[in-house]
Amino acid sequence: MDGAIYCGLASDEGRSLFTIFLLLVSATLYIMGLMESKKGHYAFLAGLTVHVASIIERTLTLGTLPLTEKHDNISYMAFVMALSYLYIHVKKESRSLSVIMLPLISLLLCVSAAHLPINTVSPFMRSYWFYLHIFLYFTAFGLFGLSFCAGAVYMHGRKSEYESMQYRTALSGWVIFTAGLVSGSIWFYSAYGTYWLWTSRELWTTLLWFYYGLYLHARLMKGFRGRTASAIGTFGLIVALFTYFGVGTIIPSPPTQF
Amino acid sequence: MKKITAFLLSLNTVFGIFLFFMFLLIFGSLSLAGNLALFSGVDETPLFKWLSESGTIRVTWWIYLMVLALALLALSTIFCTAEALLRKARRGALLAMIPPQVMHAGVLFIMLGHLLTASTGYRKDVTLEQGETTSITPELFATLDSIEITTDKNGYDTDWTAKVRFSGMQEAFSMRLLKPVEPAIINGLGIYLRTVSSGTGQSVLIRVCRDPGAPWALAGGLILSAGGFLLLWSRLRSLN
């Protein structure tokens, strides 16, 4: 019996290590995407393929979509950014965007790999609303990441197409983020009987929604453009990442029973 | 009156409220972190009841200001939405240009939902011991029959089921199976399974709540999302 348990754990650990290995290989290939000419493009595609393999591996291990904890969520956010990058790259190759975006995607994968995969799913997470919430939430984060990169490129080179890209991706991210919050509220209400909690994370998530809301209102209603507007939009990702990584660690929340 | 209308219609007012509200959110998160013990019970009671009972306005003043800022934002949203709809109707392009106003309506519904939840909601946590009948409201009683816990190969819980019998003062309800994310609705009350314990004696912690604001918040959320996707579709189409 002990032996069986030991073998099971060893097997779980082995699968976790394999996933981490795949993510690190993928991160390396994404970085190699910075190479000039076709080689870079093929390296990126190879990175994306290995990344997809790691997601499939996690799906098989968990028996459900791998969206239930930090390791998988960060990997998924990087995946959204990689897909967006591919879409943009096919339409129009942009060296300046690659220089910011590929290292950011690789960095995210390294952060994901630094979090040990958890191979169990809480009973409270077994809900379609939960999966929809996380899927939309981290799709939005991926788009905020793309918006950040486009903004950074705009601030460096002042090409208006990047300012427009920053706005469009921020708007797309914000709308999807909104739907993610709504589906999250529905899930939380069906799980715990409340759709709002007084925790630091909830307050910062609301802050993030208002932050992008402010930027988009200013851009839409007042024609607020240029370097300052772009800087405000770019800073949104910092707020998003702080909300995800910093809040709860740096700013603790009151103990709740949830 | 003209000055008040101009103030509420001004985009600068909206930006000012946004910035003020964001400041309150940051301050609030720090206040929560600095007063963990005080705020540990805030989610167990409807907000306005908790505020009146906690009696700590020196710590919780930012929540009052949040309510004030949201009230101002709601007023401004109503004024701006009405003004924009009238303007667009005059131009004859109402349907093509209303997504932002649809979103505003969604936000107003959500605010109304939160207001109703904070002022008229009801929440109570109750522990049910196996075989014992417990009063969960003056008119409703519950008896825990049994619990079932499913675990994975590593011993982690993957599912819980609690068999609970409910009865009223004069009527008996059928047996209900409570599971995580699958609450039972009895007499308008939501019954949620929070935790299960299978130690020396089986017991479960359930939350009983009535939330009149939830349907409004849900409607608001759906309207807000629909408006958002409409807005996205129209903007991206015009940019392309």
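**Domain interface in chain A and a buried threonine in chain B**

Tutor: In this predicted model, domain 1 of chain A and domain 2 of chain A bury about 2200 Å² between them, with 73% of that area on carbon and sulfur atoms.

Student: What makes up the side of domain 1 of chain A that touches domain 2 of chain A, by element?

Tutor: The elements giving two or more residues are α3 (70–91) and α4 (95–114) of chain A. α3(A) gives the most, with 9 residues. By class, this side has 14 nonpolar, 8 polar and 2 charged residues.

Student: Where does one domain of chain A end and the other begin?

Tutor: The domain assignment gives domain 1 as 1–121 and domain 2 as 122–258. Their centres, taken over C-alpha atoms, are 22 Å apart. The contact takes 24 residues from domain 1 of chain A and 27 residues from domain 2 of chain A.

Student: How many salt bridges and how many polar contacts are found between the two domains of chain A?

Tutor: The rule finds 0 salt bridges across the interface. The count of residue pairs in polar contact, both at pLDDT 80 or more, is 3.

Student: Why is B:T45 called buried?

Tutor: Buried means under 20% relative accessible area. B:T45 has 16%, so B:T45 is buried.

Student: Where is B:T45 found, and which residues is B:T45 in contact with, leaving aside its neighbours within four places in sequence?

Tutor: B:T45 lies in the loop between α3 (36–39) and α4 (47–54) of chain B. With those neighbours left aside, B:T45 is in contact with B:W50 and B:R123.

Note on methods: Residues numbered from 1 in each chain as written. Chains lettered and ligands numbered in written order. Predicted model: local features only at pLDDT ≥ 70, side-chain atom pairs only at ≥ 80, totals over all residues. Heavy atoms only, no water. Domains from an automatic or database assignment. Contact = heavy atoms within 4.5 Å. Buried area = accessible area lost by both parts, 1.4 Å probe. Salt bridge = Lys/Arg side-chain N within 4 Å of Asp/Glu carboxyl O. Polar contact = N/O pair within 3.5 Å; in protein donor to acceptor, adjacent residues only side chain to side chain. Helix = DSSP H or I, 4+ residues; strand = E, 2+ residues; numbered from the N terminus. Nonpolar A, V, L, I, M, F, W, Y, C, P; charged D, E, K, R; others polar. Buried < 20%, exposed > 50% of the residue type's maximum accessible area, 1.4 Å probe, protein only.
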